[in-house]
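Colleague: I would like a close look at a single part of this chain, with enough of the surroundings to make sense of it. Please take it step by step.

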Amino acid sequence: MLHWPFLVLFLLLTGVPAHAVDGARAIDAATFWSSDGAPRDVDLPDTWSLRGVPARAHGHYALEFNLSQRPVEPWAVHFSRISPRHVLRLTGELVANAGQSIGDDARRLPTQVLVDLPPELLRPG
């Protein structure tokens, strides 16, 4: 089976818990890259301050998964804690871009986000 391209979660991604929904899956690990470090595997949710990553650093998370067939039901991803400034890409395509207008002095408290995933990007492989 071919590996599906990366789902890249940019900036302060901090977790993707499952809800009490049939077929929901929790994503509890990802690869993290910061602007000042090498890639490393981390557990999710990830709190940068606990690992010594500066709050104003730039970083991204990536994970890979395979689909045996195109999903019949709509898919979405829920973040229980994510920076209000985030970008989400699925197979390289932009699916969420939020918080770019937040000023540098604004407090960046984590928020919850639900993002619908475009079905045309959920391909087998």
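Colleague: Before the close look, what is the mean pLDDT of the chain, and what share of its residues reach 70 or more? Then please turn to the hairpin that β6 and β7 form, and tell me which residues have the most contacts inside the largest nonpolar core.

Modeller: This is a predicted model. Its mean pLDDT is 75, and 74% of the residues reach 70 or more. The confidence varies along the chain: among the elements, strand β1 (residues 7-10) has the lowest mean pLDDT, 35, while β3 has the highest, 94. Over residues 1-21 the pLDDT stays under 50, although the model has 89 contacts beyond four places in sequence for them. Where pLDDT is low, the predicted coordinates should not be read in detail. I will therefore leave the contacts of residues 1-21 alone, since pLDDT is under 50 there.

Next, the overall plan. The chain has one helix and eight strands, and along the sequence they follow the pattern β-β-β-α-β-β-β-β-β. Of the 125 residues, 35% are buried. The chain exposes about 7,800 Å², with carbon and sulfur atoms supplying 54% of that area. Among contacts between residues at least 6 apart in sequence, 68% join residues at least 24 apart.

Now the hairpin. Strands β6 and β7 form it, with two residues between them. The two strands run antiparallel and are joined by five bridges. One of the pairings is between H86 and A98, the latter in β7. T91 sits in the loop between β6 (86-90) and β7 (93-98). Its phi is near 50°, which is a positive value in a residue other than glycine. T91 counts as buried because its relative accessibility is 15%, and the cut-off for buried is under 20%. Strand β6 itself is mostly covered, with four of its five residues buried. In a regular strand the side chains alternate between the two faces of the sheet. That general pattern is no more than background here; the count for β6 is four buried residues out of five.

The hairpin strands also take part in the largest nonpolar core, which has 13 residues. Those with the most contacts inside this core are V77, F79, L88, L90, V95, V115 and L117. Two or more residues come from each of β5, β6, β7 and β8 (111-117). V115 shows how these elements meet: leaving out residues up to four places away in sequence, V115 touches A76, V77, F79, L88, V95 and A96.

One of those partners, A76, can be followed from its own side. A76 lies in strand β5 (residues 75-82). Apart from neighbours within four places in sequence, A76 is in contact with L114, V115, D116 and L117. A76 and V115 are 39 residues apart in sequence, but their C-alpha atoms are 5.4 Å apart in space. A76 is partly exposed because its relative accessible area is 41%, and partly exposed covers values between 20% and 50%.

There is another core besides the largest one. The largest core has 13 residues; apart from it lies another of eight residues, among them F32, W48, V53 and Y61.

Y61 leads to a polar site. The side chain of D46 makes a polar contact of 2.5 Å with the side chain of Y61. A second polar contact, of 2.7 Å, joins the side chains of D46 and R51. D46 is placed in the loop between β3 (40-43) and α1 (48-51). Although D46 has these polar partners, D46 counts as buried because its relative accessibility is 4%. P45 is found in that loop between β3 and α1 as well. The peptide bond that joins L44 and P45 is cis, with omega about 0°.

A last residue in this part of the chain is A62, in strand β4 (residues 59-63). A62 counts as buried because its relative accessibility is 5%. A62 and T31 are 31 residues apart in sequence, and 5.3 Å apart in space from C-alpha to C-alpha.

To return to your request: β6 and β7 form the hairpin, with T91 in its turn, and both strands, along with β5 and β8, give two or more residues to the largest core.

Conventions
Residues are numbered from 1 along each chain as its sequence is written. This is a predicted model: local features need pLDDT of at least 70, side-chain atom pairs count only at pLDDT 80 or more; totals for chains, interfaces and linings use all residues. Side-chain values use heavy atoms; hydrogens and water are left out. Buried means under 20% relative accessible area, exposed over 50%, partly exposed in between (1.4 Å probe, protein chains only). A polar contact is a pair of N or O atoms within 3.5 Å; within protein, one must be able to donate a hydrogen and the other to accept it, and residues adjacent in sequence count only if both atoms are side-chain atoms. Contact means heavy atoms within 4.5 Å. A nonpolar core is a set of buried Ala, Val, Leu, Ile, Met, Phe, Trp, Tyr and Cys residues joined through side-chain atoms within 4.5 Å. pLDDT is the predictor's confidence in each residue, from 0 to 100. Two strands pair if DSSP finds at least two bridges between them. Accessible areas come from the Shrake-Rupley method with a 1.4 Å probe; for residues, only the protein chains shown count as cover.
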